[in-house]
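Trainee: I'm new to this one and would love a close look at the spot where its aromatic rings meet. Could you start from the whole and work your way in?

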Amino acid sequence: MTKEAFDPRPLNELIEQSSDLQSDTMAQAHQGLAETVELGQELRSRGELDPYEAEAVAAERRSMLRTGLFGAGALAAAGFGAALFSLESTPAFASTPTDVQILQSNASIEVLAVNTYKTALTLPYIGGSSANGVIKAFAETTMAQHMQHLSAFNAAVKSLGGTPQNSADPALVPVVKAAVAKITGPEGVVALALELEQAAAETYVKATGVITSSSARTLTASVMGVEAQHASILLAVQALLKGNAPQLIALPPNAAALPAAAGSIGFPDAFFPTVNARPLMEGAVK
């Protein structure tokens, strides 16, 4: 795509739609923050719940959700389920130290994402004169959204009395550095960004089933939707790059020239997987 052929109007419309989703996500985060503060204060007044106990309870809850047994009758029939029901009904369980650690870990993933996009935008074929206009705008917008996600997660952490996390996930930093060192073109950047976005989305899916604070769960689930959108766009871009058709990465798209798979390549799974989810407390402040 030449600079002369690039029409920014459709791109602006797409960015506006993405911004709308982002705005909805951030609005929900702010609405739930007051609730999180109240529940966190109540938790601290009653003592802490052991993180391993919370993990076990959450695992049992996920199992029940998968098997369709998450009902009052099933819970009453099982001793562990009764304990789970009791914990879920207790206001103090609405927010735990585990929530803080998970939110800190979420923040560490966002720090890594921001740093990765920032580095990518210094490359000539992503943020420089030879960059595709669509990919550059996507990288800039996505980096800004990750910065907002980081602020939202850290605001929730702080409201619960935790220490905000402003460092990248320590387990992923060397992996990303090694990947960046091998990148020679946009294909490598897109592959790395896709891996990060997919891991973030899968981690947040997993976290949503573990977090006990309803507002923190809403925040994580909302951000998950935005990350999943990022991953879908990157899947489509990656497919066109692998198909030696970078000229088709354009807005508006040339529908007649796009392969038939273009309409579904961004949504490969009927159910969002969690196989690549990171350990939920991997990036917690030590």
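In what order do the elements of the protein chain run from the N terminus on?

Mentor: They run α-α-α-α-α-α-α-α-α from the N terminus on. In other words, the chain comes to nine helices and zero strands (DSSP runs numbered from the N terminus, with H or I over at least four residues for a helix and E over at least two for a strand). Before we zoom in, a word on the ground rules: this is a predicted model, where local features need pLDDT of at least 70 and side-chain atom pairs count only at pLDDT 80 or more, while totals for chains, interfaces and linings use all residues. Residues are numbered from 1 along each chain as its sequence is written, and side-chain values use heavy atoms, leaving out hydrogens and water.

Of the chain's 286 residues, 45% count as buried (under 20% relative accessible area; over 50% is exposed and in between is partly exposed, with a 1.4 Å probe and protein chains only). Take contacts (heavy atoms within 4.5 Å) between residues at least 6 apart in sequence: 81% of them join residues at least 24 apart.

Now for your rings. A search of the whole structure turns up one aromatic pair (ring centres of Phe, Tyr or Trp, using the six-membered ring of Trp, within 6.5 Å; planes under 30 degrees apart are stacked, over 60 edge-to-face, the rest tilted). The partners are Phe153 and Tyr204, with ring centres 5.5 Å apart and planes at 55°, so the pair is tilted. Phe153 sits in helix α6 (residues 133-159) and Tyr204 in helix α8, 51 residues away, so the pair links distant parts of the chain. Both residues are buried.

Phe153 has plenty of other company. Skipping neighbours within four places in sequence, Phe153 is in contact with Leu103, Asn106, Ala107, Glu110, Tyr204, Leu219, Thr220 and Val223. Phe153 also belongs to the largest nonpolar core (buried Ala, Val, Leu, Ile, Met, Phe, Trp, Tyr and Cys joined through side-chain atoms within 4.5 Å). That core has 53 residues, and Leu103, Tyr117, Ile126, Phe153, Leu234 and Ile249 touch the most other members. The elements giving two or more residues to this core are α5 (97-120), α6, α8 and α9 (214-242).

Let's visit those helices in turn. In α5, 19 of the 24 residues are buried, so this helix is largely enclosed by the rest of the structure. From first C-alpha to last, α5 reaches 35 Å, close to the 34 Å expected at 1.5 Å a residue (the expected span is 1.5 Å times one less than the number of residues). The 29 residues of α9 should span 42 Å, and the 41 Å between its end C-alpha atoms agrees with that. In the segment after α9 lies Asn244, which has a positive phi of about 55° although it is not a glycine. Asn244 is exposed, with a relative accessible area of 67%.

Back in α6, you'll find Asn154. At 9% relative accessibility, Asn154 counts as buried. Leaving aside neighbours within four places, Asn154 is in contact with Ala107, Pro164, Gln165 and Asn166. Asn154 and Pro164 are 10 residues apart along the chain, yet their C-alpha atoms are separated by 4.9 Å.

Helix α8, home of Tyr204, also holds Gln198; this helix covers residues 186-208. Gln198 is buried too, with a relative accessible area of 16%. Beyond the residues up to four places away, Gln198 touches Ala231, Phe272 and Pro273.

Finally, the empty space. The structure holds two cavities of 30 Å³ or more (sets of points on a 1 Å grid over the protein atoms alone where a 1.4 Å probe fits but cannot get out; lining residues have an atom within 4 Å of a point). The largest has a volume of about 60 Å³, counted as the space filled by probe spheres set on points joined across faces, edges and corners. Its lining is Ile109, Leu112, Ala113, His146, Leu172, Leu196, Glu197, Ala199, Ala200 and Arg278. The elements giving two or more residues to that lining are α5 and α8, and α8 gives the most, with four residues. So keep α8 in view: Tyr204 of the tilted pair is in this helix.

Notes
On a 1 Å grid over the protein atoms alone, a cavity is a set of points where a 1.4 Å probe fits but cannot get out, and a pocket is an open set with protein on both sides within 12 Å along at least five of seven lines; lining residues have an atom within 4 Å of a point.
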